[in-house]
Amino acid sequence: MTAPPRARPAHVRRVAVIAVPPVSMFNLAIPEMLFGKVEIDGAPGYETVICAPDPGPVTTAGGLDLVVPRGLDAVEEADTVVLAGGGTSTGPDPRILDALRTAAASGKRIASICTGAFALAEAGLLDGRAATTYWAYRSLLAARHPAVDLQDDVLFVQDGPVLTSSGYAAGIDLCLHVIRTDHGAAVANTVARLALVAPVRPGGQTQFTQTPLPPERGVSFADTRAWAMEHLDEPLGLTDLARHAGVSVRTLSRRFHAETGVSPLQWLLHQRVERAKELLETTALAVDGVARASGLGTADSLRRHLLRRTGLTPSGYRSSFSRLPAPL
């Protein structure tokens, strides 16, 4: 007699990663690595499965064969479907397109890394949506699928339940965004520290929004940004940042924007909101205390910025993402 399927805890989410041959092993490893580091109350936060149209050997972009044990039935069981891009943008297997359309029709979240966006576009899931892909293939994607609202010079874009990322490493930012959306900033930041990557790239995509994230183009102000992160609770301004960097305010503003894609004050505001989110999740500080500790000043200021970026009040955000044990 077959045993009934094992029930999973409510917080565990299933992710199906589709390997589109010739698949990039790096792209394939990103979701498994990051989602696999999520722990909620000592238990895994995700179950990640790699699948392909035909279980068995799948060709990689490096010429090796990778054995994938699951077929596309894994997509039916998943909450999130991730297309791992590879070394080609040619027409994907029709079975993948059918699986994607079915997943989208059932309301699943669907994401792509790098050239995985071509399969989403071929399935018709990007028509009328903001999207991106690896920069070297953007003009090709635009020519083949003119109905896609293609975004240039961004790391990733979310438009409703569909997410697309640009180059290889941008898949890391996309996966951290998914983790942040599902489990909050504190969990995502812990995963980022374990993986030795930046928790939130400056200028960044915030949870529940569709704002494209611009890439950093340099590191000349990296020390100043690190210093500012240690002093977010202080009334930092352009003069303070310029003094630390040893440049004029005008030079700071110009070069900071060139590196991060946003102004210094926009960057500061984003980091302060992220700090406030983490404090709401991990401490019992009153809202006024969270506002002061994050540099947002007042509870009204915190409420206004959090509502704009997440759609939640401070109390609503804490209720949704608090990592503190429930009172007895």
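**Exercise 1.** Find what covers the buried residues of helix α13, then work out how those residues are arranged around the helix axis.

*Solution.* Start with the cover: it includes α11 (264-282), α12 (287-294) and α14 (314-321). Keep in mind that you're looking at a predicted model.

Next, pick out the residues underneath. In α13, the buried ones are Ser301, Leu302, His305, Leu306, Arg309 and Thr310; buried here means under 20% relative accessible area. Now look down the axis of α13: its buried residues sit within an arc of 125°, so they line one face of the helix. Turn to the other side and you'll meet Asp300 and Arg308, both exposed.

**Exercise 2.** Check the length of α13 against the expected value, and see what comes after the helix.

*Solution.* α13 runs over residues 299-310, which makes 12 residues. From first C-alpha to last, α13 reaches 16 Å, close to the 16 Å expected at 1.5 Å a residue. Step past the end and you land on Gly311, with a positive phi near 80°.

**Exercise 3.** Explore the largest nonpolar core: which residues touch the most other members, and which element gives the largest share?

*Solution.* This core has 34 residues, and Leu34, Phe35, Val38, Tyr46, Leu174 and Ile179 touch the most other members. Elements giving two or more residues include β1 (13-19), α1 (25-35) and α6 (170-183). The largest share comes from α6, with 7 residues.

Now zoom in on Leu34. Setting aside neighbours within four places in sequence, Leu34 is in contact with Ile172, Cys175, Leu176, Ile179, Val191 and Ala195.

Finally, there's a second, separate core of 29 residues, with Ala78, Ala121, Leu126 and Val148 among them.

Notes
Residues numbered from 1 in each chain as written. Predicted model: local features only at pLDDT ≥ 70, side-chain atom pairs only at ≥ 80, totals over all residues. Heavy atoms only, no water. Helix = DSSP H or I, 4+ residues; strand = E, 2+ residues; numbered from the N terminus. Expected span 1.5 Å × (residues − 1). Buried < 20%, exposed > 50% of the residue type's maximum accessible area, 1.4 Å probe, protein only. Arc of directions from axis to C-beta. Contact = heavy atoms within 4.5 Å. Core = buried A, V, L, I, M, F, W, Y, C linked by side-chain atoms within 4.5 Å.
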